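Student: Could you take me through one part of this model in detail, namely its charged side chains and how they pair, and then set that part against the nonpolar interior and the cysteines?

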Amino acid sequence: MLSAVTIGDVNMSESKSCFLCSTTFQLITAMQICYGRREKADLYILPLCPNGSVYRDRIIEVKLFHKVSVIDGDSLSCLYKKQSALRYNINSFLCYLNIKKIVSKMISVDASYDKFYFSSVTPYSKLIQLYFYRYSKKTEIILFDDGEGSYDDPYIIGKLSKADALVRRLFFGYNFSSYDFKRLLYSPELFININGKGYRVDKIKNLFNEVSFARQINFVFDFQKDKAIKEKFIILDVIKNIRFTEKGRRKLEKIYGLICQLVGEENLIIKKHPRDNDTVDEKYNVYKTQDIPFEIVEINSMIENKVIITVASTAIFTTKIMLGKEPFVILLNELFGDEDLLYNKEGIRDGRVKAFNQGCSDLFSDSSRFMKPQNLSELRNFLNDIRD
């Protein structure tokens, strides 16, 4: 039997919940939920999470969760390899036949979990959900905040192929795509404004202002005082080859050059996307520690006095929704047309992206601090006003 761990006045000798995380953002959110709700919980980190083993060891040290594990990626490698749709469906069918055996390699199937928290749709999360549905129907399945997609995609639980949906109904009597998950989000207000009522949505409490939690989160993500951002203007870069055509990429690089020219390179820093391996022009100052999530940098960098510039990033709303801060935000996505983009074109056409951005803007008590330039002239005016 695992030894008990004490947090606050709660004895965590027996876990009643489990969390599944695949990104640092999800780890931060899971830690807030567990700390704020005093959950007796286990944490399972997917192999998709960069530096998962490092975070596991640090999270164990802060004694927030009962058990912390990194899932072995080999257990479902057959569903990640490039393959035809037919082969994928065959592998899925085989996974369903052996679901208990496979899930037992990922989580403690002997644990009597009352709640299962997940955030993104992966073969891992789908199989664990199906396992609970079949073998532990008392387990409540909760979808927790994963950034923008949790708000502008109400069907984030995942769309299924016809073959996959049919097999699931035959095996489990379960229409996965219509299951009514509870959602645990930083801003239920934003979600309802975008999607309307009728969803079960609860709020995640902001704990970054609590000294003890801030100390824990800084330790887990190895934040030191010298890693705070001193520059006033921060460009949050994106993975360009995923989001842009070659034309769009050239346009973005010209916009970065204009920003640097207007505000001065000594006042500007670029925070690259954690999964971006592209090099950045040497004329720019680049934030050196890529593995620290921007949310952790924000809580330690007087972010309300900064100007955040980006095409599209979860971080444009986390400052307000997660931290309760209102920096200047300049959102550049209106400067790009359909021919510039590769990413989420459907969401742009049907208005979901615009609704999300407007919803974020509406949350600011001072709407003038959230800027969406329609052309380069407006961008110049915004930068000149803030710079002066």
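Tutor: What follows begins with the salt bridges and then turns to a lysine in a strand, the cores, one helix, a surface patch and the cysteines.

The model is a predicted one, and local features are taken only where pLDDT is at least 70. Side chains of opposite charge can pair when their charged atoms come close. Across the whole structure, a search finds 13 salt bridges.

One of them joins the side chains of Lys115 and Glu39, with an N to O distance of 3.4 Å. This pair links distant parts of the chain, since Lys115 belongs to strand β6 (residues 115–118) while Glu39 sits in the loop between α1 and β4 (41–45), 76 residues apart. The two partners can also be described by their cover: Lys115 is partly exposed at a relative accessible area of 24%, whereas Glu39 is buried at 8%.

Another salt bridge, 2.8 Å from N to O, is formed by the side chains of Asp340 and Lys251. Here too the pair links distant parts of the chain, with Asp340 in the loop between β13 (328–331) and α14 (345–349) and Lys251 in helix α11 (residues 246–263), 89 residues apart. Asp340 counts as buried, with 0% relative accessibility, and Lys251 counts as partly exposed, with 27%.

The side chains of Arg56 and Asp57 meet in a salt bridge of 3.0 Å, N to O. Arg56 has a relative accessibility of 24% and counts as partly exposed, and Asp57, at 40%, also counts as partly exposed. Beyond these pairs, Glu140, Lys182 and Asp202 are linked in a network of salt bridges.

A further lysine, Lys271, lies in strand β11 (residues 268–271) and counts as buried because its relative accessibility is 4%. Although Lys271 and Asp237 are separated by 34 residues in sequence, their C-alpha atoms are 6.0 Å apart in space. Leaving aside neighbours within four places in sequence, the contacts of Lys271 include Ile234, Ile235, Leu236 and Asp237, together with Tyr287, Gln290, Ile292 and Phe294.

As for the nonpolar interior, in soluble globular proteins nonpolar side chains tend to be buried together. The largest nonpolar core of this model has 62 residues, and those with the most contacts inside it are Phe19, Leu27, Leu43, Ile59, Phe65 and Tyr151. Helix α1 (residues 24–37) supplies the largest share of this core, eight residues. A second, separate core has 29 residues, among them Val311, Ala312, Leu335 and Phe336.

Helix α9 (residues 211–220) has Phe213, Ala214, Gln216, Ile217, Asn218 and Val220 as its buried residues, and their cover includes α1, α2 (52–62) and α12 (294–299). Just after α9, Asp222 takes a positive phi of about 55°.

On the surface, by contrast, Leu86, Ile90, Phe93, Leu94 and Leu97 form a nonpolar patch with about 460 Å² of accessible area together. Leu86 is placed in helix α3 (residues 85–97) and is exposed, with a relative accessible area of 61%.

Finally, the cysteines: the count of disulfides comes to zero. The sulfur of Cys49 is 7.8 Å from the closest cysteine sulfur, that of Cys21, and is therefore too far away for a bond. Cys49 counts as buried at 5% relative accessibility, and Cys18 counts as buried at 0%.

Technical notes:
Residues are numbered from 1 along each chain as its sequence is written. This is a predicted model: local features need pLDDT of at least 70, side-chain atom pairs count only at pLDDT 80 or more; totals for chains, interfaces and linings use all residues. Side-chain values use heavy atoms; hydrogens and water are left out. A nonpolar core is a set of buried Ala, Val, Leu, Ile, Met, Phe, Trp, Tyr and Cys residues joined through side-chain atoms within 4.5 Å. Buried means under 20% relative accessible area, exposed over 50%, partly exposed in between (1.4 Å probe, protein chains only). Helices (H or I, at least four residues) and strands (E, at least two) are DSSP runs, numbered from the N terminus. Patches are made of residues with over 30% relative accessible area and no salt bridge: like charges are joined within 9 Å, nonpolar side chains (Val, Leu, Ile, Met, Phe, Trp, Tyr) within 5 Å. Accessible areas come from the Shrake-Rupley method with a 1.4 Å probe; for residues, only the protein chains shown count as cover. A salt bridge is a side-chain nitrogen of Lys or Arg within 4 Å of a carboxyl oxygen of Asp or Glu. Contact means heavy atoms within 4.5 Å. A disulfide is a pair of cysteine sulfur atoms within 2.5 Å.
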